[in-house]
Amino acid sequence: MMALCISVVGCGKSGDKAEKFKVGMECGYPPFNWTQLDNSNGAVPIAGSKEFAGGYDVEIAKKLAEGMGKELVIVKTKWDGLTPAVQSGTIDGIIAGMSPMADRRLTLDFSDYYYSSDLVIVVKKGSKYEKATSLKDFTGAKITAQQNTFHYTVIDQIPDVKKQTAMADFPAMRVSLESGIIDGYVSEKPEGVSATSANAKFGMAEFAKGQGFEFTADDIAISVGIKKGNTELLNNINKVLAGISQEQRDELMKNAILNQPASQ
């Protein structure tokens, strides 16, 4: 007897391993993704642990899994391990605030955008950099960003910047900023809003038009990364994304910022 699948892109037999949609993310980049101790606010269990993952990326992953008729599995993975994990089949997709930059397209295929933002610099509240409106205002500042990201490359656009060693993740950068080791770190605006919401000691420098970082649309957009050549999965993901309105995306991000754990 054939099963009928309604309102989904694809379907399979219940319990079939192929029905799982295994998604990799750091679970440490709020408001896109984070780790928490319970399933409040729609958080999803992290495979192989007693912890849960929440955030904007998780909400998008949930919608994709539902739309494709698959069971969502969150696999907590370090940033540098995400691409190897999808290439080896450990995960099916990367939903981790990853931009579809040209160099990444050499090793991964990317979906349509599921978010697009701007670049800011997170700084200490009350510092001389908080009200900066131009990259020139950061001349001589100690600035860093996450390793192996576009964020780290744009630091070179700041005049006479004291570029610091790239850091492994955002929690490490927040600690370094609060302790005064760095003057600021580059991030996307949602992470900046998240950081300032979580810690009253942080501020966020945004730039006047034409006075900030130079970048392409791909540099500041976020897409799902999948194994090269997996056209069926790519098409299915894009079909589901096309059904998520901008209003829905904005609401998901708003809620993610509000729901992030205070510890993050």
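**Exercise 1. How many helices and strands does the chain have?**

Solution. Keep in mind that we're working with a predicted model. Go through the secondary structure from the N terminus, and you end up with 8 helices and 13 strands. Next, try the overall size. The radius of gyration comes out at 19 Å, close to the 18 Å that the globule rule gives for 264 residues, so the chain is as compact as a globular protein of that length. Put a box around the C-alpha atoms along the principal axes, and its sides are roughly 70 × 35 × 35 Å. Then look at packing: 50% of the 264 residues count as buried. Finally, take the contacts with a separation of 6 or more; 69% of these join residues 24 or more positions apart.

**Exercise 2. Work out whether the length of helix 1 agrees with its residue count, then see how enclosed the helix is.**

Solution. Start with the count: helix 1 covers residues 56–68, which makes 13 residues. At 1.5 Å a residue, the span should be 18 Å, and the end C-alpha atoms sit 19 Å apart, which agrees. Now for burial, where the cut-off is under 20% relative accessible area. In helix 1, 10 of the 13 residues pass, so the helix is largely enclosed by the rest of the structure. The ones that pass are Y56, D57, V58, E59, I60, A61, L64, A65, G67 and M68. One last step takes you just past the end of helix 1, where G69 has a positive phi of about 70 degrees.

**Exercise 3. Find T144 and decide: buried or exposed?**

Solution. First, place the residue: T144 belongs to strand 9, residues 142–144. Second, check its relative accessibility, which is 0%, so T144 counts as buried. Third, list its neighbours, skipping residues up to four places away in sequence. T144 touches Y152, I155, Q164, T165, A166, M167, M173, I182, G184, Y185 and V186.

**Exercise 4. Search for enclosed empty space and describe what lines it.**

Solution. The idea is simple enough: roll a probe the size of a water molecule over the atoms, and you see where empty space is left. With a threshold of 30 Å³ or more, the count is 1 cavity. The largest cavity holds about 110 Å³ of space. It is lined by 16 residues, and W79, G97, T149, H151 and E188 are the closest to its centre. Sort the lining by class and you get 7 nonpolar, 5 polar and 4 charged residues.

Conventions:
Residues are numbered from 1 along each chain as its sequence is written. This is a predicted model: local features need pLDDT of at least 70, side-chain atom pairs count only at pLDDT 80 or more; totals for chains, interfaces and linings use all residues. Side-chain values use heavy atoms; hydrogens and water are left out. Helices (H or I, at least four residues) and strands (E, at least two) are DSSP runs, numbered from the N terminus. The expected span of a helix is 1.5 Å times one less than its number of residues. Buried means under 20% relative accessible area, exposed over 50%, partly exposed in between (1.4 Å probe, protein chains only). On a 1 Å grid over the protein atoms alone, a cavity is a set of points where a 1.4 Å probe fits but cannot get out, and a pocket is an open set with protein on both sides within 12 Å along at least five of seven lines; lining residues have an atom within 4 Å of a point. Grid points are joined across faces, edges and corners, and a volume is the space filled by probe spheres set on the points. Ala, Val, Leu, Ile, Met, Phe, Trp, Tyr, Cys and Pro count as nonpolar, Asp, Glu, Lys and Arg as charged, and the others, Gly among them, as polar. The radius of gyration is taken over C-alpha atoms; the globule rule is 2.2 Å times the number of residues to the power 0.38. Contact means heavy atoms within 4.5 Å.
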